[in-house]
Amino acid sequence: MKRRTFFYDVFVFACCLCSLQTVAQGKGHSFSAMNYGEKVSYDTYFKWGLILSRVGDATFSYNRERSVANASSRYRLQFKTTKVFDNFFKMRDTLNTYYNDHNKLVYSLKCTDEGGYYSVDELTFTYGEENTKIHSLRYTPSRVKTDTTLTAIGDVTDLLGAIYYLRGLDRTKLQSGNVYPLTVAIGSDLVKIQFIYRNQAIVEHGDVKYNTRYFVIDIYDEAFESTKTSAEVWMGDDDNFLPVKVRSKLKIGYVEIYYRASSNLAHPLSCRVEIRQ
């Protein structure tokens with residue numbers, strides 16, 4: 001039975017809060033959306049009916065990195081629950097992805113610290129002419145839980161690299177119904193997902209409006225209640241192509257994640273179109 005942590009529940013969100021410099025090797029991808037030193041923060045909410053409770057903070061950062069063999073850059077996600085939510089279920093999770101000079105994912109490190117449960121996931125990627133080998137190692141302080149090699153064909157990534165994929169799309173060429181398939185390595189599993197572009201949309205949060213591009217995400221995995229439209233993501237319609245809002249369906253209610261602030265972006269945040277007085 002797969003351990004369904006909160007972090008796993010929002011992995012699409014980690015899919016969608018990520019940014020891509022990256023693994024996407026298909027045509028039509030641009031690698032100018034990110035800037036070294038970029039930092040983006042998000043508020044995470046749990047929504048059930050009319051109840052909307054803020055449960056945590058997610059921070060993404062992108063920097064140069066040479067500490068890992070063959071790596072030249074690192075993309076990092078740090079998630080922590082709020083002080084109030086800590087009383088129910090304290091989480092301090094970190095996910096690092098490392099890329100080489102050719103923007104290929106070479107190594108992934110995820111540290112999970114949730115409600116007294118601690119584990120480490122390491123993924124090492126080796127690229128061949130026809131497939132990709134992923135050595136997956138998962139361990140806790142007391143034992144090794146996974147030590148296996150996976151083989152994937154086509155675009156493959158880890159949790160964090162999946163939106164990394166989205167941010168690399170050329171938004172000016174998007175057409176309604178475009179489908180972008182990916183394989184995501186998680187522990188001993190290869191999970192199939194696909195992003196489907198729908199249309200342009202306006203997102204409102206607080207006193208701010210954003211122009212966005214709206215995608216739905218299908219996840220073909222038993223840990224999710226449904227495969228069709230398992231999650232939705234609204235990407236800011238400017239050259240940064242940042243996630244502005246993400247919504248992921250849970251067994252009870254939803255996780256919703258909203259853009260809060262950013263620094264050192266590569267481009268002006270021109271998708272932010274109005275602040276009401």
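**Exercise 1.** Which loop holds Phe241, between which two strands?

*Solution.* This is a predicted model. Strand E13 covers 231-236. Strand E14 covers 243-249. Phe241 lies in the loop between strand E13 and strand E14.

**Exercise 2.** Is Phe241 buried or exposed? State what its phi shows as well.

*Solution.* Start with the area. Phe241 has a relative accessibility of 2%. Buried means under 20%, so Phe241 counts as buried. Now take the backbone. Phi of Phe241 is near 50°, a positive value. Most residues other than glycine have a negative phi.

**Exercise 3.** Place Asn264, then give its phi and its exposure.

*Solution.* Asn264 sits in the loop between strand E15 (254-263) and strand E16 (272-275). Its phi is near 55°, positive in a residue other than glycine. The relative accessible area of Asn264 is 48%. Partly exposed runs between the 20% and 50% cut-offs, so Asn264 is partly exposed.

**Exercise 4.** How many disulfides does the structure hold? Classify Cys111 and Cys271 by exposure.

*Solution.* The structure holds 0 disulfides. Cys111 has a relative accessible area of 22%, so Cys111 is partly exposed. Cys271 has a relative accessible area of 2%, so Cys271 is buried.

**Exercise 5.** Where does pLDDT stay under 50? Set that beside the values for the protein.

*Solution.* Begin with the protein. The average pLDDT is 82, and 83% of the residues score at least 70. Next, find the low stretch. Over residues 1-31, pLDDT stays under 50. For residues 1-31 the model has 126 contacts beyond four places in sequence.

Technical notes: Residues are numbered from 1 along each chain as its sequence is written. This is a predicted model: local features need pLDDT of at least 70, side-chain atom pairs count only at pLDDT 80 or more; totals for chains, interfaces and linings use all residues. Side-chain values use heavy atoms; hydrogens and water are left out. A disulfide is a pair of cysteine sulfur atoms within 2.5 Å. Buried means under 20% relative accessible area, exposed over 50%, partly exposed in between (1.4 Å probe, protein chains only). pLDDT is the predictor's confidence in each residue, from 0 to 100. Contact means heavy atoms within 4.5 Å. Helices (H or I, at least four residues) and strands (E, at least two) are DSSP runs, numbered from the N terminus.
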